[in-house]
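Trainee: Could you walk me through this model? I would like to learn how to read it piece by piece.

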Protein chains: 2
Amino acid sequence: MNILIVEDNKELAIEVRDFLSDGGYVCKIANTCNEALDEIGGNDYDAMLLDLGLPDGDGFDVLKAVRKTKSKIAVIVITARGGLDDRIDGLHLGADDYLTKPFALTELSARLFAVIRRMHGYTLNDLVVHGFSLQLQDYKVSYEGMPINLTKKEFDIFQYLVLNKNRVITRLQLTEHIWGDILEINSDSNFIDVHVRNLRKKLDKHTTIDWFETVRNVGYRINT
Amino acid sequence: MNILIVEDNKELAIEVRDFLSDGGYVCKIANTCNEALDEIGGNDYDAMLLDLGLPDGDGFDVLKAVRKTKSKIAVIVITARGGLDDRIDGLHLGADDYLTKPFALTELSARLFAVIRRMHGYTLNDLVVHGFSLQLQDYKVSYEGMPINLTKKEFDIFQYLVLNKNRVITRLQLTEHIWGDILEINSDSNFIDVHVRNLRKKLDKHTTIDWFETVRNVGYRINT
DNA sequence: CACAGTTTATGAATATTCTTATTGTCGAAG
DNA sequence: CTTCGACAATAAGAATATTCATAAACTGTG
């Protein structure tokens with residue numbers, strides 16, 4: 001899975017690259033628009049992270065070029081958060097998704113994954129962890145061929161944690177990612193804990209889940 | 001609630017104006033950039049619909065000008081479908097929401113409403129219809145002071161229909177607006193009908209709801 | 001170690017959402 | 001006017017989500 005990171009801030013680019021490499025992606029960094037255009041022309045990328053705040057030209061020229069020639073490449077646009085905190089529906093922008101700085105790396109990888117999956121249709125591999133196989137197409141999980149019946153929320157949580165395995169995911173991240181609209185959520189509730197608990201119970205029936213950790217004061221983590 | 005419609009297509013502008021006037025907004029039309037800038041300078045608008053395809057200049061200049069001087073005005077940018085660069089550029093300048101042509105007028109009014117509400121915080125009036133008062137802040141409804149207990153989905157549906165009162169809203173529109181992700185929804189189900197039914201039952205306890213119509217083959221409508 | 005304070009886990013009750021099957025209603029065609 | 005087919009309303013119930021109260025586990029401190 002090849003990713004092109006178009007970002008002039010080298011520190012950030014490296015941070016992102018390291019994180020994604022960790023997740024099994026192969027990354028290349030382009031610091032300028034021209035570099036990006038060269039890279040895209042010559043290579044076969046699955047996705048591109050495009051920071052619009054580039055020094056040598058408009059980032060959306062890159063996007064335009066990509067959209068003209070390569071249809072199979074997923075693009076996630078990254079922008080600085082403007083004066084207004086309202087998010088705009090990414091689908092209307094022509095990019096496949098977008099993020100505003102600052103963003104959580106875990107959120108980036110989750111979205112990247114989702115976007116690539118959509119783009120490639122159903123050809124993408126299932127997620128596999130400790131014998132469990134997550135079939136993302138149809139929200140099914142199985143353990144060594146035996147299907148496990150998870151609810152949608154349970155699946156979402158499991159998928160998000162697996163996607164960001166070996167990283168602690170906070171309850172806030174889960175809420176943001178799965179429920180979306182934070183404001184409407186009554187936060188003095190432990191509903192995430194409950195879902196995690198139910199999820200664990202179902203997984204535990206099939207095998208030990210000591211790799212599904214609680215990180216006190218922080219959140220949850222799945223280790224591999 | 002004052003809205004400035006910046007749109008050179010006069011037919012469309014009038015259509016939008018009439019629709020919004022209907023919803024209780026006070027609208028003014030500007031056909032050109034200069035007109036728009038004049039209007040903004042002199043008056044106090046709550047929101048602006050900004051079509052980027054203007055003949056006499058760059059719609060972005062208008063947006064930029066607005067952002068420099070008036071912070072409390074909500075801007076919804078309207079672009080023709082396919083203008084990728086426009087969209088991204090607009091995002092950069094900080095529009096509050098986007099629509100691509102062609103758009104449903106009901107969707108426009110719903111977004112406009114949401115954007116204004118967000119902008120003004122919680123100072124906005126409640127929605128009122130046939131004695132029912134929808135307090136948007138905290139998802140509560142009351143009839144002549146007596147609270148009515150609606151579930152979230154019921155409230156969402158009620159609000160969307162009230163917001164677009166006197167217009168037929170299709171089941172698809174409700175699905176798109178309230179559930180968002182259409183793809184995950186098993187569409188051979190009548191769950192919307194069921195929610196509508198439950199909603200009606202709750203409203204009906206307090207008063208007759210003959211104003212809450214079913215429009216056969218189309219959808220639902222709330223009349224005033 | 002014992003304690004208090006805090007965080008997480010658990011079990012159970014409640015509420016909500018969604019599905020399914022059935023019945024009722026409307027409108028067009030004959 | 002009747003019949004048929006499509007659509008909507010209804011009822012019941014299954015599945016899921018959330019809340020709540022309480023128990024257990026952990027952390028730091030004396």
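Trainee: How many residues of strand 3 of chain A are buried?

Mentor: Happy to help, and two ground rules come before the count. This is a predicted model, where local features need pLDDT of at least 70, side-chain atom pairs count only at pLDDT 80 or more, and totals for chains, interfaces and linings use all residues. Residues are numbered from 1 along each chain as its sequence is written, chains are lettered from A and ligands numbered from 1 in the order in which they are written, and side-chain values use heavy atoms, with hydrogens and water left out. Strand 3 of chain A is largely enclosed by the rest of the structure, because the buried residues (under 20% relative accessible area; exposed is over 50%, partly exposed in between, with a 1.4 Å probe and protein chains only) number five of the five.

Trainee: Which residues are buried on each side of strand 3 of chain A?

Mentor: Helices (H or I, at least four residues) and strands (E, at least two) are DSSP runs, numbered from the N terminus. In a regular strand the side chains alternate between the two faces of the sheet. Both faces of strand 3 of chain A are covered, with A:Met48 and A:Leu50 buried on one side, and on the other A:Ala47, A:Leu49 and A:Asp51.

Trainee: What does the UniProt annotation say about A:Asp51?

Mentor: A:Asp51 belongs to strand 3 of chain A, residues 47–51, and counts as buried at 3% relative accessibility. UniProt positions are given in the numbering used here, feature names are shortened, and annotations may be inferred rather than shown by experiment. The UniProt annotation, from an unreviewed entry, covers A:Asp51 as "modified residue: 4-aspartylphosphate".

Trainee: Which residue is the bridge partner of A:Ile5 in strand 3 of chain A?

Mentor: Two strands pair if DSSP finds at least two bridges between them. Strand 1 (residues 2–6) of chain A runs parallel to strand 3 of chain A, and four bridges join them. Within strand 3 of chain A, A:Ile5 has as its bridge partner A:Leu49.

Trainee: Which strands stand at the edges of the open sheet 6-7-8-9 in chain A?

Mentor: This open sheet of chain A has four strands with antiparallel pairing, in the order 6-7-8-9. An edge strand here has a single partner strand, so one side is left without a neighbour in the sheet; in chain A that holds for strand 6 (127–129) and strand 9 (146–148).

Trainee: Which residue of strand 7 of chain A stands opposite A:Leu127?

Mentor: Strand 6 of chain A and strand 7 (residues 132–135) of chain A run antiparallel and are joined by three bridges. Opposite A:Leu127 in strand 7 of chain A stands A:Leu134.

Trainee: At what angle do helix 5 and helix 7 of chain A pack?

Mentor: Axes are lines fitted to C-alpha atoms, for helices over the stretch in contact, and angles run from 0 to 180 degrees between N-to-C directions. The axes of helix 5 (residues 152–163) and helix 7 (residues 191–204) of chain A are 9 Å apart, and the packing angle is about 85°.

Trainee: Which residues of helix 5 of chain A meet helix 7 of chain A?

Mentor: Contact means heavy atoms within 4.5 Å. On the helix 7 side of chain A are A:His195, A:Val196, A:Asn198, A:Leu199, A:Lys202 and A:Leu203; on the helix 5 side, A:Lys153, A:Glu154, A:Ile157 and A:Phe158.

Trainee: Where does A:Asn166 lie?

Mentor: Most residues other than glycine have a negative phi, and most peptide bonds are trans. A:Asn166 has a positive phi near 70° and is partly exposed, with a relative accessible area of 37%. Its place is the loop between helix 5 and strand 10 (169–170) of chain A.

Trainee: Moving to chain B, where is B:His130?

Mentor: B:His130 is not a glycine, yet its phi is positive at about 50°. B:His130 is partly exposed, with 35% relative accessible area. It sits in the loop between strand 6 and strand 7 of chain B.

Trainee: Which residue stands opposite B:Gln135 in strand 8 of chain B?

Mentor: Strand 7 (residues 132–135) and strand 8 (residues 140–143) of chain B run antiparallel, joined by four bridges. In strand 8 of chain B, the residue opposite B:Gln135 is B:Lys140.
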